[in-house]
Amino acid sequence: MPQANVATFRSTARFGAVKGAWERFQRGLERPLTPYYLILGSAALILVLGLVMVFSASQIQARLDGLPFDYYFKKQLISIVIGGGLLYLAVRMPARAHRALAYPLLLGVLALLLAVMVPGIGVAVNGNRNWIRLGGFFQIQPSEFAKLALVLWAADLLARKQQMKTLGEWKHLLIPLVPMGLLLLALVLAGGDMGTAMIICALLFGLLWLAGAPTRLFTMSAVLALLASAALIITVPHRLNRLSCIGATHVAKDGSCFQAVHGIWALASGGLFGAGLGGSIEKWGQLPEPHTDFIFAVTGEELGLAGTVSVLVLFAALGYAGIRVAVRTKEPFIRYAAGGATTWIMAQATINIGAVLGLLPIAGVPLPMFSYGGSALLPTMFAIGMLLCFARSEPGAKAAFAARSRRNRRKGNKQARRRFLRLPHKER
């Protein structure tokens, strides 16, 4: 065979192999249980990798705070155990139980957000008064639970309006969804939590998009949101300084952009595979919040580009699966709740990672399920359990689980029959 024909044959064979692999991958994505396993697997891997990175990134900070080196790791582990219980509960709850939880949770969150403003109850951390101390070293941040409350309440509201066929009218589309969102925004901003306010804004936009809001409404809302954000940033000096640090590569003479620049340096020094677990230099006091807001920077320094890309891929898989659940369901409440929860988690991940990369202002929000912090972890894990519950409730997924259960029963019966036949005659 001529050399040219051999090369052509090999090239065609390689192309056929790649095409076949791509077709198998697409068929795998179309399977009814794919969203369920993508959500479960990506969330589990994010939690495990995040716990490892919290242990690595927090040791020096714990010693600087005069605490045992594994203090933050143990607290995060406790939070994951509690969050695992919430996740399991959310998976076992039917969709109607999630819907029934909407109003009690919203009222409870509103009460907690008001309690934060009461002297002696609310606690200020890093200049923001948005914490409530529960006793000992446990404290909660009610604004983190506001995201879950808004998702469930808005999903129930929009589902009822869709059933009444009133979502086509601007008045019914915006009221009372937007006023309630603005109330939550006001209470969150009263405590100084600009990062959570940004996520709530993104969540509102996502819910309006799912409800079929017209483009004109989005344009007007975006303009108003930009004007309000500009006013909030200009009137508070430290927020204006954070905005000026976008893309900064050197610390200013007055010390501004210190955290942003050291985050970039941590990522840049990681290379392809990083310095190895525990090998970060920036976490030795140079990088503020190495185990919370800037844990992605420490991940890049210790695990390199391979580690950071792995985190991005896991979040992309989680986002794809959440969107797939929202798109393929016929139940309005499930569509809005799944879409809202996915918007919340992905928006928070984008804001956190964008800030570490120097593409967005530092907003002070943790990386979901990855950064240290029980207040952020618990509602997020409940939301993951809710997504798993919705993924299991799809008709195709139910049929697949039922078929698998029947196969397992038949397999168990065959194994029991073989064990019985291997017994001596007297023991049968």
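This section describes the fold, three helices, two residue environments and the empty spaces of one chain. The model is predicted.

The chain has 428 residues, and 46% of them count as buried. Its secondary structure consists of 16 helices and three strands. Contacts between residues at least 6 apart in sequence were examined for their range. Of these, 71% join residues at least 24 apart.

Helix α3 spans residues 71-92. Its 22 residues should cover 32 Å at 1.5 Å a residue, and the end C-alpha atoms are indeed 32 Å apart, so expectation and model agree. Nine positions need attention here by name: Y72, K75, Q76, S79, I80, G83, L87, A90 and V91 are the buried residues of α3. They fall within an arc of 140° when seen down the helix axis, and therefore line one face of α3. V81, Y88 and R92 lie on the other side and are exposed. The buried residues of α3 pack against three helices: α2, α4 (95-100) and α15.

Helix α8 covers residues 177-190. For its 14 residues, a rise of 1.5 Å a residue predicts a span of 20 Å; the distance between the end C-alpha atoms is 20 Å, which agrees. Buried positions in α8 are L177, M180, G181, L184, L185, L187 and V188. Their arc around the axis is only 165°, so they sit on the same side of α8. Packing partners of these buried residues are α5 (102-115), α6 (142-163), α7 (170-174) and α9 (194-210). Just after α8, G192 adopts a positive phi of about 85°.

Helix α9 is one of the partners of α8. It has 17 residues, which should span 24 Å at 1.5 Å a residue; its end C-alpha atoms are 25 Å apart, in agreement. The buried residues of α9 include M194, G195, T196 and A197 at its start, as well as I199 and I200. L203, L204, G206, L207 and L208 are also buried. A positive phi of about 85° follows just after α9, at G212.

Two residues illustrate contacts between distant parts of the chain. A57 belongs to helix α2 (residues 34-64). Its relative accessibility is 0%, so A57 counts as buried. A57 and E289 are 232 residues apart along the chain, yet their C-alpha atoms are separated by 9.2 Å. Beyond its neighbours within four places in sequence, A57 is in contact with K283, P290, H291, I295 and V298.

N128 lies in strand β2, which runs over residues 128-135. With a relative accessible area of 22%, N128 is partly exposed. The cut-off for a buried residue is under 20%. N128 and G191 are 63 residues apart in sequence, and their C-alpha atoms are 5.6 Å apart in space. Residues up to four places away set aside, N128 touches V123, G191, G192 and D193. G192 is also the residue with positive phi just after α8.

Empty space was then examined. The structure holds three cavities of 30 Å³ or more. The largest cavity has a volume of about 50 Å³. Its lining consists of Q348, P366, L367, P368, M369, F370, S371, G373, A376, L377 and T380. Helix α15 gives the most to this lining, with three residues. By class, the lining of the largest cavity has seven nonpolar and four polar residues, and no charged ones.

The second largest pocket encloses about 220 Å³ of space. V91, R92, M93, P94 and A95 are among its lining residues, together with I334. C389, R392, S393, A397, K398 and F401 also line the pocket. Helices α3, α15 (374-393) and α16 (395-422) each supply at least two residues of the lining. Eight lining residues are nonpolar, one is polar and three are charged. Two of the residues named for α3 recur in this lining. V91 is buried in α3, whereas R92 is exposed on the other side of that helix.

Terms used:
Residues numbered from 1 in each chain as written. Predicted model: local features only at pLDDT ≥ 70, side-chain atom pairs only at ≥ 80, totals over all residues. Heavy atoms only, no water. Helix = DSSP H or I, 4+ residues; strand = E, 2+ residues; numbered from the N terminus. Expected span 1.5 Å × (residues − 1). Buried < 20%, exposed > 50% of the residue type's maximum accessible area, 1.4 Å probe, protein only. Arc of directions from axis to C-beta. Contact = heavy atoms within 4.5 Å. 1 Å grid on protein atoms, 1.4 Å probe; cavity = no way out; pocket = protein on both sides within 12 Å on 5 of 7 lines; lining within 4 Å. Points joined across faces, edges and corners; volume = space filled by probe spheres on them. Nonpolar A, V, L, I, M, F, W, Y, C, P; charged D, E, K, R; others polar.
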